[in-house]
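Hi everyone, and thanks for coming. Please have the picture in front of you, and I'll walk you through it.

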Amino acid sequence: MKTLGMKNSPILIIGKNGKTGSRVNQRLQALGYDTRAVSRSTTPSFDWEDSATWAAAIKGARSAYVTYQPDLAVPNAEPAIKEFVRVARENGLEHIVLLSGRGEEGAQRAEKILQESGISWNIVRCSWFCQNFSESFMLEGILAGELVLPAADTIEPFVDADDIADVAVATLTDPSHRNKLYELTGPRALTFTQCVEEISDALGRPVKYTGIPVDAYINVLNEQDVPEDYQWLLRELFTVVFDGRNSNVMSGIEEALGRPATDFKTYVQKTIGSGVWNTVMQKESA
Ligand SMILES: NC(=O)c1ccc[n+]([C@@H]2O[C@H](COP(=O)([O-])OP(=O)(O)OC[C@H]3O[C@@H](n4cnc5c(N)ncnc54)[C@H](OP(=O)(O)O)[C@@H]3O)[C@@H](O)[C@H]2O)c1
């Protein structure tokens, strides 16, 4: 069921070219919805670091899909979401769908702010995305034939961003989902070693996973001049969030969509089809 009233005003998407925002945008447009997808590089622009940009991006929209940058786990996220919700109310937003992360205390604080805001809400709380292997910081390792990370044998039920986008679109367009939290995971929990083995087997070329201690990983990031707040975030993600608390498989995709979550194998096949793993990079010598 679609709300015709909502079709008259654009649906705001914060994170236009992001892994999920781009997919949500494509799906809504294919369904005939008017969208306004924003980020720092769009007009109007939207920058989480500059609250003066928010009102102009929001004005005229009645619902929004919101992805926070860089991650709801960072200390700045809580005050930013508090202020965002205030500006959203002031500028007429009636419904916010927030992309959130599992097992992150900061993310859960942000969720609570939205849930208590008086605006109608959905929370799409996700496990690690499969697309981190193909559209984010793990791509380089796959192309170089060796992914080096500080994750030991923890299992993670990686979720496909296409499933996340399907759930986000359902919550944005069908009022029967209002004020529900969906916890989304893939159907199988895998270690990084297993993920990389599946990718390597399907690609037909050697790619291996190497685990290293978190301090050694952070030292490498430091040598590469990765900003300190990003180093902090990665340490948080690989220690606190990756301590096993998120290993259980959840049924949020089935609950929201009435169909099973996409398996990692299907994600791998789709990604091979996209050609993104075709380039083979030379490993930098130490
Ligand atoms: N990756 C995971 O495994 C995972 C798991 C659970 C939850 N999450 C959550 O997912 C969210 C990210 O969503 P996503 O992966 O769909 O997005 P994404 O792929 O990380 O989005 C990247 C886009 O964000 C824009 N951006 C960067 N900094 C910005 C800023 N200061 N203000 C506005 N836009 C900015 C950039 O566009 P411009 O350069 O044009 O600004 C960039 O194209 C985070 O909150 C994260 O906590 C991620």
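Let's begin at helix H2, residues 21-30, where Gly-21, Arg-23, Val-24, Asn-25 and Leu-28 are buried. I should say straight away that this is a predicted model. What lies over those buried residues of H2? The cover includes three strands, E1 (11-14), E2 (35-38) and E3 (63-66), together with helix H7 (161-173). Just past the end of H2, look for Gly-32, which has a positive phi of about 95 degrees.

Now let's move along to helix H12, which spans residues 264-274. Which of its residues are buried? They are Phe-264, Tyr-267, Val-268 and Thr-271. These four sit on the same side of H12, because the arc they cover around the axis is only 100 degrees. If you wonder about the spacing, an α-helix has 3.6 residues a turn, so residues three or four places apart point the same way. And what do the buried residues of H12 pack against? Their partner is helix H8 (192-203). Turn to the other side of H12 and you'll find Lys-265, Gln-269 and Gly-273, which are exposed. After H12 comes Gly-275, and its phi is positive, near 85 degrees.

Next, the ligand. There are 24 residues around it, and Gly-18, Thr-20, Ser-39, Arg-40 and Ser-41 come nearest. What kinds of residue make up that shell? Eight are nonpolar, 11 are polar and five are charged.

Let's step back and take in the whole chain. How many helices and strands does it have? There are 12 helices and eight strands. The radius of gyration is 19 Å, close to the 19 Å that the globule rule gives for 286 residues, so the chain is as compact as a globular protein of that length. Along the principal axes, the C-alpha atoms fill a box of roughly 55 × 40 × 35 Å. Of the 286 residues, 39% are buried. Here is one more figure: take the contacts between residues at least 6 apart in sequence, and 79% of them join residues at least 24 apart.

Last, a word on confidence. The mean pLDDT of the chain is 94, with 96% of residues reaching 70 or more. Where should you be careful? Over residues 1-6, pLDDT stays under 50, and the model has six contacts beyond four places in sequence for that stretch.

That's my tour, and I'm happy to go back to any part of it.

How values were computed
Residues numbered from 1 in each chain as written. Predicted model: local features only at pLDDT ≥ 70, side-chain atom pairs only at ≥ 80, totals over all residues. Near = placed C-beta within 6 Å. Nonpolar A, V, L, I, M, F, W, Y, C, P; charged D, E, K, R; others polar. pLDDT = per-residue confidence, 0-100. Contact = placed C-beta atoms within 7 Å. Buried ≥ 20, exposed ≤ 12 C-beta atoms within 10 Å, placed from the backbone. Helix = DSSP H or I, 4+ residues; strand = E, 2+ residues; numbered from the N terminus. Arc of directions from axis to C-beta. Rg over C-alpha atoms; globule rule 2.2 N^0.38 Å.
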